Amino acid sequence: MEEKAIVVQNLVKQYPKVRAVDDVSFSVDKGEIFGLLGPNGAGKTTTIRTLLTLIPPTSGETLIYNVNTAKNSEEVRRMCGYVPQDVSADGDLTAYENVLISAKLYGMPPKERKQRIQEVLNFLELTDREHDMVNTFSGGMMRRLEIAQALVNRPKVLFLDEPSIGLDPNARRIIWGLIKKLRDEFNTTIMMTTHDMGEADVLCDRIGIMNRGKLATLGKPEGLKAAVGGDIITINSNNPNCSLKLKELGYSAITDSADGNFDLIVNNGETLIPHLLEGLKAKGVVVESVSLKKPTLDDVFLKYTGARIEEGDTFAETRRARQSFTRRS
Ligand SMILES: Nc1ncnc2c1ncn2[C@@H]1O[C@H](COP(=O)(O)OP(=O)(O)OP(=O)(O)O)[C@@H](O)[C@H]1O
Ligand SMILES: [Mg+2]
C-alpha cells in the first residue's frame, strides 16, 4: 500500500466535560489538498493539533509519513508547517525579520537562512516589501507572510487553519492561487480548515465534514454535492398555507423560513417547476418567485450538520483581531 501523508486512526480526544474527537479515521494522500469542515466546536482544531504533536490523543493514533505523532514529535515537527487561525506575525518587525525568527526556531543553519528566506518571500510575492514593518501590511499581505513563515522549513505537510479568514475577495483569490501553486510545484500536502464553502469547493481535492467530534462524511466536492440528490427549488410565497399545500401536492419543504422561502429537494427541477406552480395556483397559493439551483457545498454542509454554516464567535473574533492588528500602525 502506498505510504500516506496523513493517517488518522480511531482518534479519540476526551476532555473532562467533552469528547472533542470521537473515533475519527481518515487518511490524506501525498500532494492532496484536504479540507476539514464543520461547525464551531466540531473537533477540527483538536484533530489538527494532535497531528502537529501539540496535544496527545486519549486513544487511537495519528501518523505523518508513517511517523507516529505521539511517539516521535521532533521528527513530525520537522516535516510539518502550521499557519494558525490567530495572528502569528509580529507587527513591530519587518517581513524579513518575522521569517528569520521562524527559520531560527526551526533550527536552520545560519548559512542557509538568507537564501531560504528570500526564496519563500519571493514565492509569496512579498519581496518588494521584505524590509517594511508588518504593521503597515494589508490583511492579505500579512496572511501571506504567515504562510511564508510556515514554509521556510520546506514542510512536506502544511496545516492551514482558515487561510483566508477576514480577507477581501481579491486577497482571497491571491491566497488560493498560491496554495495551488505550492501543491503543483512542490507536491506539498495541505490540510486546511475553512468556514468558506466556496473556498473549500475551489481548493480542496477532498473534504471531510466533522460534527460533534465525529466525521459525518468524506469525499470529493462533486461527489458530496451529487449525493445531496437532485435539484433545489426555492419557492417564495406570502401564503401561510404554502407549506401545507405543498404537502398536499406530495412535496415537503426541507426548510420553511419566516420570510416565506420554501426549499424543496427534487429530481428534474426544470420539468417539475411548471407543474408545481400550476398545482399551487389551483390550490389558491400565489407564488412571488421561484428559483432552481444545483446543490452546493452549503447544501452538503446543511445535510450533514443540520445547520447552514455561520460566522460563529471564533470567526468574528479572529477577524476583529486581524483588523485591529493592521490598524495599530
Ligand atoms: N483544552 C481544552 N479543554 C477542554 N475542552 C476543549 C479544549 N480544547 C477544545 N475543547 C472542546 O473540544 C470541542 C472541540 O473543539 P475544537 O477547537 O477542536 O473545535 P473546532 O472544530 O476547531 O471549532 P472552531 O470552528 O470554533 O474552531 C469543543 O467543545 C471545545 O470546547
Ligand atoms: Mg478551530
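**Figure 1. The largest pocket of the predicted model.** About 490 Å³ of space lies in the largest pocket of this predicted model. The lining is made up of 17 residues, and those closest to the centre of the pocket are Cys-80, Gly-81, Tyr-82, Leu-105 and Tyr-106. By class, the lining residues comprise 9 nonpolar, 5 polar and 3 charged.

**Figure 2. Secondary structure elements around the largest pocket.** At least two residues of the pocket lining are supplied by each of α2 (73-79), β6 (80-83), α3 (95-105) and α5 (139-151). Among these elements, β6 gives the most to the lining, with 4 residues.

**Figure 3. The surroundings of ligand 1.** Around ligand 1 there are 13 residues, of which Gly-41, Gly-43, Lys-44, Thr-45 and Thr-46 come nearest. Helix α1 (residues 44-51) provides the largest share of this shell, with 3 residues. The shell as a whole divides into 5 nonpolar, 7 polar and 1 charged residues.

**Figure 4. Polar contacts of ligand 1.** Which residue places a polar side-chain atom 2.8 Å from an oxygen atom of ligand 1? The residue is Lys-44. In the case of Gly-41, a polar backbone atom lies 2.8 Å from an oxygen atom of the ligand. The side chain of Asn-40 has an N or O atom 2.9 Å from an oxygen atom of ligand 1. On its own, ligand 1 has 640 Å² of accessible area, and the protein covers 64% of that area.

**Figure 5. The enclosed cavity.** The model contains 1 cavity of 30 Å³ or more. About 50 Å³ of space lies in the largest cavity. The residues that line the largest cavity are Phe-123, Leu-124, Ile-147, Leu-151, Leu-158, Ile-175, Leu-178, Ile-179 and Leu-182. What is the character of the residues in this lining: nonpolar, polar or charged? The lining consists of 9 nonpolar residues, with no polar and no charged residues. Both α5 and α6 (169-186) supply at least two residues each to the lining of the largest cavity, and α6 gives the most, with 4 residues. Helix α5 also supplies at least two residues to the lining of the largest pocket.

**Figure 6. The two domains of the chain.** The domain assignment divides the chain into domain 1, covering residues 6-225, and domain 2, covering residues 230-294. Between the C-alpha centres of domain 1 and domain 2 the distance is 42 Å.

Notes:
Residues numbered from 1 in each chain as written. Chains lettered and ligands numbered in written order. Predicted model: local features only at pLDDT ≥ 70, side-chain atom pairs only at ≥ 80, totals over all residues. Heavy atoms only, no water. Near = heavy atom within 4 Å. Polar contact = N/O pair within 3.5 Å; in protein donor to acceptor, adjacent residues only side chain to side chain. Areas by Shrake-Rupley, 256 points an atom, 1.4 Å probe, with all protein chains shown as cover. Nonpolar A, V, L, I, M, F, W, Y, C, P; charged D, E, K, R; others polar. 1 Å grid on protein atoms, 1.4 Å probe; cavity = no way out; pocket = protein on both sides within 12 Å on 5 of 7 lines; lining within 4 Å. Points joined across faces, edges and corners; volume = space filled by probe spheres on them. Domains from an automatic or database assignment.
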